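User: I've got a model open on my screen and I'd like to go through its charged residues and odd backbone spots. Can you walk me through it?

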Amino acid sequence: MAFSGGGERPFGVIEPFPESIYPLEYTSASVTCIAFDASGKLQPDRIEFHRRDDLNRYRKLEGDRFVFNHRTDNIRGNIKLYTTMTLKNVTIQDDSQYGDLGSYECHAFAKNVSSPKRHGFSVSVITRAEIPTVKVTDSSTLNPGDDITIFCNLTDRGNENSTPLKRISWFKDGKLLRSVRNPDPDVKQDFIAPIHLTSFNVRQAGIYTCLLEVKLRHIKEYSVRGDTFLKIAPWLPKPKEDIEEKASKGSDVSFECAAQGFPLEVEWKVKKKNKDTVQACIKTVREMICSGLNEFV
């Protein structure tokens, strides 16, 4: 913690300094300032956040839109103070350049000292118009043997100058199927191809995701996604002959359901001997084990 002038660094805002942040419009953003005096001559009292306009006028940031959290460390008897400001529901007015209130500073005050030590940082708000959007084929329920093609289309390019497209990929149930680096939506062979599914079956059913990775303002990594859920209608293959299981009274017997489909919910029903009513037994289990056949006879 020594500095070039020799000795210990005096009271002030210390590293890691608050970084310039790039929050998305209508999200939250946080920034932290740290105050410390390695020499031990001064102890931090508080940290405030301010904005400074073109006329060098300061406005303290406070109110319902802001949340402040504080914590301290004890470094060899010297207090290090951390204060984090969280800005809720960021808008373009919070931007250092476009907002009316100007640039940002954190002000560190030492005990019994009226003038603060200052450190500036910037807030660059990324508007929703800068972010690309994708649209995938709508979710659907298919029958066994159907054919379907699912597309991923870039429906809004966003800001072409400040938002390069880095990668676009197809996933199924979280597993990568195919990927294209530095995709170009204007060149067919340089963009993600549709997925053709023929003779649709249970293994092909699931959630297909098109994931577009971009770099907002050439700095902030961000992903845009579209999901489609392909289901397959349930069906029950008819056995060539009725299945009969024989068991003695009081023993266990198991049955396995041949139903297919995805997602699949199986409900077992039992019709007791010499009774006309049918009773629901177990749901969502492909195999039923009946223990103690006294109950069913």
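User: Which residues are linked with Glu-48 in a network of salt bridges?

Analyst: First, some ground rules: this is a predicted model, where local features need pLDDT of at least 70, side-chain atom pairs count only at pLDDT 80 or more, and totals for chains, interfaces and linings use all residues. Residues are numbered from 1 along each chain as its sequence is written, and side-chain values use heavy atoms, with hydrogens and water left out. A salt bridge here is a side-chain nitrogen of Lys or Arg within 4 Å of a carboxyl oxygen of Asp or Glu. On that basis, Glu-48 shares its network with Asp-45, Arg-46 and Lys-60.

User: How far apart are the closest N and O atoms of Lys-60 and Glu-48, and which strands hold the two residues?

Analyst: Their closest N and O atoms are 3.6 Å apart. Lys-60 sits in strand S4 (residues 58–60) and Glu-48 in strand S3 (residues 44–52), so this pair ties together parts that are twelve residues apart in sequence. Strands are DSSP runs (E, at least two residues), numbered from the N terminus. So the distance is 3.6 Å, and the strands are S4 for Lys-60 and S3 for Glu-48.

User: Is Glu-48 buried or exposed?

Analyst: The cut-offs are under 20% relative accessible area for buried, over 50% for exposed, and partly exposed in between (1.4 Å probe, protein chains only). Its partner Arg-46, with closest N and O atoms 3.0 Å away, is partly exposed at 36%. Lys-60 is partly exposed too, at 37%. Glu-48 has a relative accessible area of 13%, so it is buried.

User: How many salt bridges does the structure hold?

Analyst: One of them joins the side chains of Lys-135 and Asp-138, at 3.0 Å from N to O. Lys-135 is partly exposed at 42%, while Asp-138 is exposed at 54%. The full count for the structure is twelve.

User: Which residues form a negative surface patch?

Analyst: Patches take residues with over 30% relative accessible area and no salt bridge, joining like charges within 9 Å and nonpolar side chains (Val, Leu, Ile, Met, Phe, Trp, Tyr) within 5 Å. Glu-244, in the loop between strand S17 (220–235) and strand S18 (253–256), is exposed at 62%. The patch is made up of Glu-241, Asp-242, Glu-244 and Glu-245.

User: Which side chain does the side chain of Thr-209 make a polar contact with?

Analyst: Thr-209 is in strand S16 (residues 206–216), and because its relative accessibility is 7%, it counts as buried. A polar contact is a pair of N or O atoms within 3.5 Å; within protein, one must be able to donate a hydrogen and the other to accept it, and residues adjacent in sequence count only if both atoms are side-chain atoms. At 3.4 Å, the partner is the side chain of Arg-225.

User: What omega does the cis peptide bond between Phe-262 and Pro-263 have?

Analyst: Pro-263 is in the loop between strand S19 (260–262) and strand S20 (267–271). Another cis bond joins Glu-15 and Pro-16, with omega about -5°. For Phe-262 and Pro-263, omega is about -10°.

User: What is the phi of Arg-76?

Analyst: Arg-76 lies in the loop between strand S5 (66–75) and strand S6 (78–87) and is exposed at 70%. His-218, in the loop between S16 and S17, has a positive phi of about 65° although it isn't a glycine. Arg-76 isn't a glycine either, yet has a positive phi of about 50°.

Definitions and conventions: Accessible areas come from the Shrake-Rupley method with a 1.4 Å probe; for residues, only the protein chains shown count as cover. Lys and Arg count as positive and Asp and Glu as negative; His and the chain ends are not counted. The place of a charge is taken as NZ of Lys, CZ of Arg, CG of Asp or CD of Glu. Helices (H or I, at least four residues) and strands (E, at least two) are DSSP runs, numbered from the N terminus.
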